[in-house]
Every structure is written in structure tokens, then in C-alpha cells.
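Open the model in your viewer and keep the sequence panel beside it. The tour moves from one residue out to the strands around it.

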Amino acid sequence: AVKVYEDTEAKTPVTAEDGVYTMPASDIIIEVAFAAKELPVVGISATAFANKTTIETVTIGKNVTSIADGAFNGCTGIKKFIVNAENTKYVATEDGVLFEKVEGGLKLIAFPAAYEVEEGEDATYTIPATIGGVAVTEVADGAFQALGDVEYVFCADAEIDIDTTKQPAFADNNKLHLGMTAHTKNAGTTVAATCKVAGATT
């Protein structure tokens, strides 16, 4: 049985009816129990949380080694991903963006659909060149489902593979800017980039 908790510290359980758990909580943590023995969650399947719009924070446990594409599609309320410090496969930045450790670097796999920009800050997000000294090399298809408060996404001074045609958040407008010309809320911001991009021009 999957145990879903409303609160990551108090672990107030979400009630189940006929074995089906509703998801009213904004912050969730997932654990698995088999009989009296606790078993770790090691993977999250495709569409596991798809369209669960009430989830605001997702905590990835230390034992999770697999997150399928589309696991959080339609989760329009997510503001932040958090990864247990002992996890060796995934990492989240301070602003809550989720990355996977892959051969040769890091892959951005999920951008919070309800990403919040602090008051007074530019409504922009820059895909970092490195995290903890490790290069960011690619962006997963569908990683950018929505942008929250962000108006424009930039690519840092790094070579990153990203196919913008497979990023729903970029479908309506050209929200990915490359090169030294950048449109930001506050004038004067520039970002150098050498991204290899399909569907966008420098």
C-alpha cells in the first residue's frame, strides 16, 4: 500500500477510501509499506502524479533512482522540488528545479510549473551552466510544462541540448532567449549562450 502524508514532518496521513488516496495536500511525501515492513520508494512511474493540481512541494527520497518522463505532467501547483541530500541520482537547486545525474553531467528534468519569483527580482530563469561544479548538459523533453511567474528563460554560458518544440511552456511565445540579446523585466540583463537548440534561434 502507498502511504501519502499531508505533512512531511508530522506525517498526518491522507485518508483512503477503497484503497484510493486523494491528494488534497500541498506538501507530500511518499512511503511504501508492505505488511509490517517498510520498503523504500525507488521509482516514480510515468503520470504517477499527473494532473494533481493541489501539490505544491515534492520531496524526492534518498532511495529514488528512477523518475519516468511525465511523472508530474499537469501538476500546475508545484512550486518546488526538494531532494534528500543522500540521494545519489537526483539533485534540486535552492530555487526548487529538479535535475538528474546523467553521463557527462546533469539533465534538467522538471521545472516547477508554479515557480515563484521573489518580489523585486526579474521574472526570468537562467538554466545554469553548472551545479556544484558539474555541467548541465541537457534539458529533458517536457521539462518546462509551465513557467509560473517566469516570463523568459535564458540559457547560461554552456552547451546545453534542448528541443524547444517539446517544451509546452514555449509553445505560445518565444520565451527562450539565446545569445547576448535578452528581453527582461529590468533592462540591462544579458546572458551569453552556446546552446544547441531545435525550434529556436539565437
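Select T93 to begin: it counts as buried because its relative accessibility is 18%, where buried means under 20% relative accessible area, exposed over 50%, and partly exposed in between (1.4 Å probe, protein chains only). This is a predicted model, in which local features need pLDDT of at least 70 and side-chain atom pairs count only at pLDDT 80 or more, while totals for chains, interfaces and linings use all residues. Residues are numbered from 1 along each chain as its sequence is written, and side-chain values use heavy atoms, with hydrogens and water left out.

T93 sits in the loop between β10 and β11. Strands here are DSSP runs (E, at least two residues), numbered from the N terminus.

Add D95. Its side chain makes a polar contact with the side chain of T93, at 2.4 Å. A polar contact is a pair of N or O atoms within 3.5 Å; within protein, one must be able to donate a hydrogen and the other to accept it, and residues adjacent in sequence count only if both atoms are side-chain atoms.

Which residues does T93 touch, not counting those up to four places away in sequence? They are F99 and I131, with contact meaning heavy atoms within 4.5 Å.

Now show residues 90-92 (β10) and 98-102 (β11), antiparallel strands joined by three bridges; strands pair if DSSP finds at least two bridges between them. A92 stands opposite L98. Between these strands lie five residues, and G96 has a positive phi near 90 degrees.

Finish with β12, residues 105-110, which runs antiparallel to β11 with five bridges. F99 faces L108 there. In the two-residue turn of this hairpin, G104 has a positive phi of about 95 degrees.

Methods: Helices (H or I, at least four residues) and strands (E, at least two) are DSSP runs, numbered from the N terminus.
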